[in-house]
Amino acid sequence: IFAQQVESAFHKIFNEFPHVRDFAMTSNQDEIYFTVESYKKEYSYIAYITKDNSGKWSKPKVASFSGMYKDLEPFLAPNGLTLYFATNRKDNSPIEVKKDIDIWYVTRTSLKSNWSEPKNIGSVINTSANEYYPSVTNTGDLFFTAAYKDAKGKEDIYVSRYVNGNYQKPVSLSTAVNSEKYEFNAFVAPDESFIIYTSFGRKGSFGGGDLYISFKNNQNQWMPAENLGASINSNRIDFCPFLDLNTNTLYFTSDRSSIQKSLKNKKNIQQLQKILKTKANGLGRMYKVDISKILNKKRD
């Protein structure tokens, strides 16, 4: 099954914006958070939509903790009560920003409660370098992207274990996941049984950045990552994975384009505008694909 652009009621919602990326959905599937980027991607903010009892999605709103700083990459903890995100804010009061990106979080007491004020996740994680794309397991362990001096490549995926209420020093994942190239944007299964992420520059890749998957073996070690293949990856960057565990639906972002460099027949202005506004037109959009076969094959 080939990846297709996210349809349904929120397809039109996403296409209202210049670029969208990042997909985070609650386990009961009635709340979605995503990032909106400016045309040149200088600025971004986090928006959300909710589904009412009739199954209708709301109009998008800016998340209560966003709308001033450059915020992106929302990730909901498995219980939906903590949301992690990346930001360039220095603190919550003055309009002062950092040169790098850090990981912050907000909490709530129930799925219907308001979010708290944003909190910095702490200096064990956040440094003067960039920390991106948080993903958190059932035990609270934090996986994220960084380009530290001890990285195996240009960027690595790191994990900070959460022990007795404290984050431990981040450690780069093994060479089964990381390489001498770029690895980033990892979604980790809540039980840490597999990880899906993007790598750029590997031999045999399809283009600007491909999605890979790595499973853990019986010795709790990551197995060599495998490219998710041409039915999912394109010749453009494919990134920001999120897996709906209820349906095994993989959501991801891509700036792929189906627009041709030339046309067989001359078109009028209306026809050309329709072509340029086609779904896959090079703008950041969200796609989905059922990966049950991939997951079940490894589980068997």
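Two bridges join strand β18, which spans residues 210-215, to β19, and these two strands run antiparallel. The model in which they appear is a predicted one. One contact between the two strands can be named: Y212 has N227 in β19 as its bridge partner. In general, the strands of a sheet pair through backbone hydrogen bonds, and the pairing may be parallel or antiparallel.

The pair just described belongs to a wider arrangement. Strands β16, β17, β18 and β19 make up an open sheet of four strands, in the order β16-β17-β18-β19, with antiparallel pairing. At its edges stand β16 (182-188) and β19 (226-227), each of which pairs on one side only.

A further open sheet of four strands follows the order β6-β7-β8-β9, and its pairing is antiparallel. Here β6 (71-76) and β9 (119-120) are the edge strands; each has a single partner strand, so one side of each is left without a neighbour in the sheet.

Strand β7 may now be followed from one partner to the other. Four bridges connect β6 with β7, and the two run antiparallel. Within this pairing, L72 has A86 in β7 as its bridge partner. The hairpin of β6 and β7 has five residues between the strands, and in this hairpin G80 takes a positive phi near 75 degrees. On to the other partner: β7 (residues 82-89) is joined to β8 (residues 97-107) by seven bridges, again with the strands running antiparallel. In this pairing R89 stands opposite V97 in β8.

Is β7 enclosed by the rest of the structure or left exposed? Eight of the eight residues of β7 are buried, so the strand is largely enclosed by the rest of the structure. Both of its faces are covered: T82, Y84, A86 and N88 are buried on one side, and L83, F85, T87 and R89 are buried on the other. The last of these residues, R89, also lies over the face of W104, at 5.7 Å from the ring centre. A comparable placement is found for R256, which lies over the face of Y287 at 4.8 Å from the ring centre.

The loop between β5 (61-62) and β6 also deserves attention, for it contains A63. This residue has a relative accessible area of 2%, and it is buried because that value is under 20%. A63 and Y48 are 15 residues apart in sequence, yet their C-alpha atoms are 6.2 Å apart in space.

The next topic is the nonpolar interior. The largest nonpolar core has 46 residues, of which F34, F194 and L250 touch the most other members. A second, separate core has 13 residues, including V159, L173, I195 and Y212. Y212 is thus a residue already met above, as the bridge partner of N227 in β19.

Aromatic rings also meet one another in this structure, and the count comes to 20 aromatic pairs. One of them is formed by Y43 and Y45, a tilted pair with 6.4 Å from centre to centre and 35 degrees between the planes. Y43 has a relative accessible area of 31% and is partly exposed. In another pair, the ring centres of Y162 and Y167 are 4.8 Å apart and the planes stand at 50 degrees, so this pair is tilted. Are the two members of this pair buried or partly exposed? Y162 counts as partly exposed, at 36% relative accessibility, whereas Y167 counts as buried, at 17%. The cut-off explains these two assignments, because a residue is buried under 20% relative accessible area and exposed over 50%, and partly exposed in between.

Aromatic residues also gather in a cluster, one of which is formed by F23, F75, F187, F242 and Y251. Several of these names return in the description of the cavities. The structure holds two cavities of 30 Å³ or more, and the largest has a volume of about 60 Å³. Which residues line the largest cavity? Its lining consists of D22, F23, A24, E73, P74, F75, Y133, P134, F187, P241 and F242. Strands β2 (19-25), β6, β10 (131-136) and β20 (238-244) each supply at least two residues of this lining. Strand β6 therefore appears here in a further role, in addition to standing at an edge of its sheet with a single partner strand.

Methods
Residues numbered from 1 in each chain as written. Predicted model: local features only at pLDDT ≥ 70, side-chain atom pairs only at ≥ 80, totals over all residues. Heavy atoms only, no water. Pairing = 2+ DSSP bridges. Core = buried A, V, L, I, M, F, W, Y, C linked by side-chain atoms within 4.5 Å. Buried < 20%, exposed > 50% of the residue type's maximum accessible area, 1.4 Å probe, protein only. Phe/Tyr/Trp six-rings, centres within 6.5 Å; stacked < 30°, edge-to-face > 60°. Lys NZ or Arg CZ within 6 Å of the ring centre and 35° of its normal. 1 Å grid on protein atoms, 1.4 Å probe; cavity = no way out; pocket = protein on both sides within 12 Å on 5 of 7 lines; lining within 4 Å. Points joined across faces, edges and corners; volume = space filled by probe spheres on them.
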